[in-house]
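The following exercises ask the reader to work from the displayed structure towards a reasoned description. Each task is followed by a worked solution.

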Amino acid sequence: MTRLELLPAVDVRDGQAVRLVHGESGSETSYGSPLEAALAWQRAGAEWLHLVDLDAAFGTGDNRDLVAGITDAMDIKVELSGGIRDDASLAAALATGCTRVNLGTAALETPEWAAKAIAEHGDKIAIGLDVRGTTLRGRGWTSEGGDLWETLARLDAEGCARYVVTDIAKDGTLQGPNLDLLKSVCAATDRPVVASGGVSSLADLRAIATLVPEGVEGAIIGKALYAKAFTLEEALVEVSR
Ligand SMILES: O=C(O)c1ccccc1NCC(=O)[C@H](O)[C@H](O)COP(=O)(O)O
């Protein structure tokens with residue numbers, strides 16, 4: 001059976017590695033240098049880094065140079081997220097040499113542009129489906145963005161290669177992933193799904209791994225690693241069993 005991929009997260013706000021609760025601006029806990037965090041996950045054996053520019057996502061500036069520098073310093077695959085919404089920000093993100101980028105708001109507010117990006121860049125584009133209930137959220141999760149199922153059907157038809165699915169109610173809370181949401185999304189699409197938000201324990205990772213046959217490809221881990229609920233080394237062993 002294919003093994004669950006793990007994507008340790010580095011979310012950057014104002015030059016610092018942070019974690020938010022429910023993605024809310026102002027709920028930051030700071031964890032120091034984002035480059036040090038990224039290098040630590042790489043040393044621990046990560047194959048992927050999930051790197052988020054929160055300022056770009058919230059529209060409070062950006063950490064573009066810092067994020068490009070971190071991506072450049074990595075020997076592993078990097079997934080870039082946050083504020084990629086137009087030709088300039090997409091070109092800058094892809095120019096970092098990252099493996100793929102996540103589009104969120106753009107898929108909701110400028111669907112034609114997102115469809116063009118998908119058509120041009122194929123599996124270098126993932127779409128972040130950030131949901132409360134079954135309603136999507138954009139602009140750093142602050143604006144309403146329509147129905148999850150309608151949007152998923154549209155993006156599938158446009159050839160989207162992969163989805164990163166976050167239950168905002170779980171994100172940064174260490175309350176466990178929303179397995180029902182992941183199962184429902186997998187049932188609605190044949191594209192791979194990366195699970196995000198709420199991972200709190202190795203048991204959560206085992207539970208997500210049971211969904212690999214249904215289409216879950218990976219799991220993003222943020223707060224749990226910073227809070228030292230387990231180590232990345234332990235997590236990697238857990239999913240390789
Ligand atoms: O990814 C974004 O664009 C984003 C925008 C606004 C707020 C948060 C955003 N991402 C957060 C993440 O991707 C987290 O790193 C990830 O969900 C990890 O969550 P957790 O394991 O619960 O800390």
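**Exercise 1. Contacts with the ligand**

The model is a predicted one. Determine which side-chain and backbone atoms lie beside oxygen atoms of the ligand.

Solution.
Step 1. Begin with Asp11: one of its polar side-chain atoms is 2.8 Å from an oxygen atom of the ligand.
Step 2. Continue with Ser81, where a polar side-chain atom is found 3.1 Å from a ligand oxygen atom.
Step 3. Turn to Gly172, whose contact comes from the backbone: an N or O atom there lies 2.7 Å from an oxygen atom of the ligand.
Step 4. Place these contacts in their setting. The ligand is surrounded by 20 residues, and the closest are Arg19, His50, Asp171, Gly172 and Ser196.

**Exercise 2. Aromatic pairs**

Find how many aromatic pairs the whole structure contains, and classify the pairs of Tyr226 by their geometry.

Solution.
Step 1. The search of the whole structure yields 2 aromatic pairs.
Step 2. Consider Tyr31 and Tyr226. Their ring centres are 4.7 Å apart and their planes make an angle of 35°, and the pair is tilted.
Step 3. Locate these two residues. Tyr31 lies in the loop between strand E3 (29–30) and helix H1 (34–43), and Tyr226 lies in helix H10 (residues 223–226); the pair thus links distant parts of the chain, 195 residues apart.
Step 4. Assess their exposure. Tyr31 is partly exposed because its relative accessibility is 27%, whereas Tyr226, with a relative accessible area of 11%, is buried.
Step 5. Consider Trp41 and Tyr226. Their ring centres are 5.5 Å apart and their planes stand at 80°, so this pair is edge-to-face. An angle over 60 degrees is the criterion for that class.
Step 6. Trp41 belongs to helix H1 and Tyr226 to helix H10, so that this pair, too, links distant parts of the chain, 185 residues apart. Both Trp41 and Tyr226 are buried.
Step 7. Combine the results: Tyr31, Trp41 and Tyr226 make up one aromatic cluster.

**Exercise 3. The buried face of helix H1**

Which residues of H1 are buried, and how are they arranged around the helix axis?

Solution.
Step 1. The buried residues of H1 are Pro34, Ala37, Ala38, Trp41 and Gln42.
Step 2. Viewed down the axis of H1, these residues fall within an arc of 140°, so they line one face of the helix.
Step 3. A general rule helps to interpret this spacing: an α-helix has 3.6 residues a turn, so residues three or four places apart point the same way.
Step 4. Identify the cover. The elements over the buried residues of H1 include strand E1 (5–13), strand E2 (16–19), strand E4 (48–53), helix H3 (64–73), H10 and helix H11 (232–240).
Step 5. Examine one residue of this face. Gln42 counts as buried because its relative accessibility is 18%, and the limit for buried is under 20%. Apart from neighbours within four places in sequence, Gln42 is in contact with Ala73, Met74, Asp75 and Ile76.
Step 6. Inspect the ends of the helix. Ser33 caps the N-terminal end of H1, with a side-chain oxygen 3.3 Å from the backbone nitrogen of Leu35. Just after H1, Gly45 adopts a positive phi of about 110°.

**Exercise 4. The surroundings of Arg100**

Decide whether Arg100 is buried or exposed, and describe the contacts of its side chain.

Solution.
Step 1. Arg100 is located in strand E6 (residues 100–103).
Step 2. Arg100 is buried, because its relative accessible area is 4%.
Step 3. The charged end of Arg100 sits over the ring of Trp48, at 4.2 Å from the ring centre.
Step 4. The Arg100 side chain also makes a polar contact of 2.7 Å with the side chain of Glu79.
Step 5. Not counting residues up to four places away in sequence, the residues that Arg100 touches include Leu7, Val78, Leu80, Asp123, Arg162 and Glu217.

**Exercise 5. Helix H9**

On how many sides of H9 do its buried residues lie, and what covers them?

Solution.
Step 1. In helix H9 (residues 202–209), the buried residues are Asp204, Leu205, Ile208 and Ala209.
Step 2. Around the axis they span an arc of only 140°, and therefore they lie on the same side of H9.
Step 3. Their cover includes E1, helix H8 (179–188), strand E11 (193–196), strand E12 (216–221) and H11.

Technical notes
Residues are numbered from 1 along each chain as its sequence is written. This is a predicted model: local features need pLDDT of at least 70, side-chain atom pairs count only at pLDDT 80 or more; totals for chains, interfaces and linings use all residues. Side-chain values use heavy atoms; hydrogens and water are left out. Rings of Phe, Tyr and Trp (its six-membered ring) pair if their centres lie within 6.5 Å; planes under 30 degrees apart count as stacked, over 60 as edge-to-face and the rest as tilted. Helices (H or I, at least four residues) and strands (E, at least two) are DSSP runs, numbered from the N terminus. Buried means under 20% relative accessible area, exposed over 50%, partly exposed in between (1.4 Å probe, protein chains only). A charge sits over a ring if NZ of Lys or CZ of Arg is within 6 Å of the ring centre and within 35 degrees of the ring normal. The arc is that of the directions from the helix axis to the C-beta atoms. Contact means heavy atoms within 4.5 Å. A polar contact is a pair of N or O atoms within 3.5 Å; within protein, one must be able to donate a hydrogen and the other to accept it, and residues adjacent in sequence count only if both atoms are side-chain atoms. A residue is near a molecule or strand if one of its heavy atoms lies within 4 Å of it.
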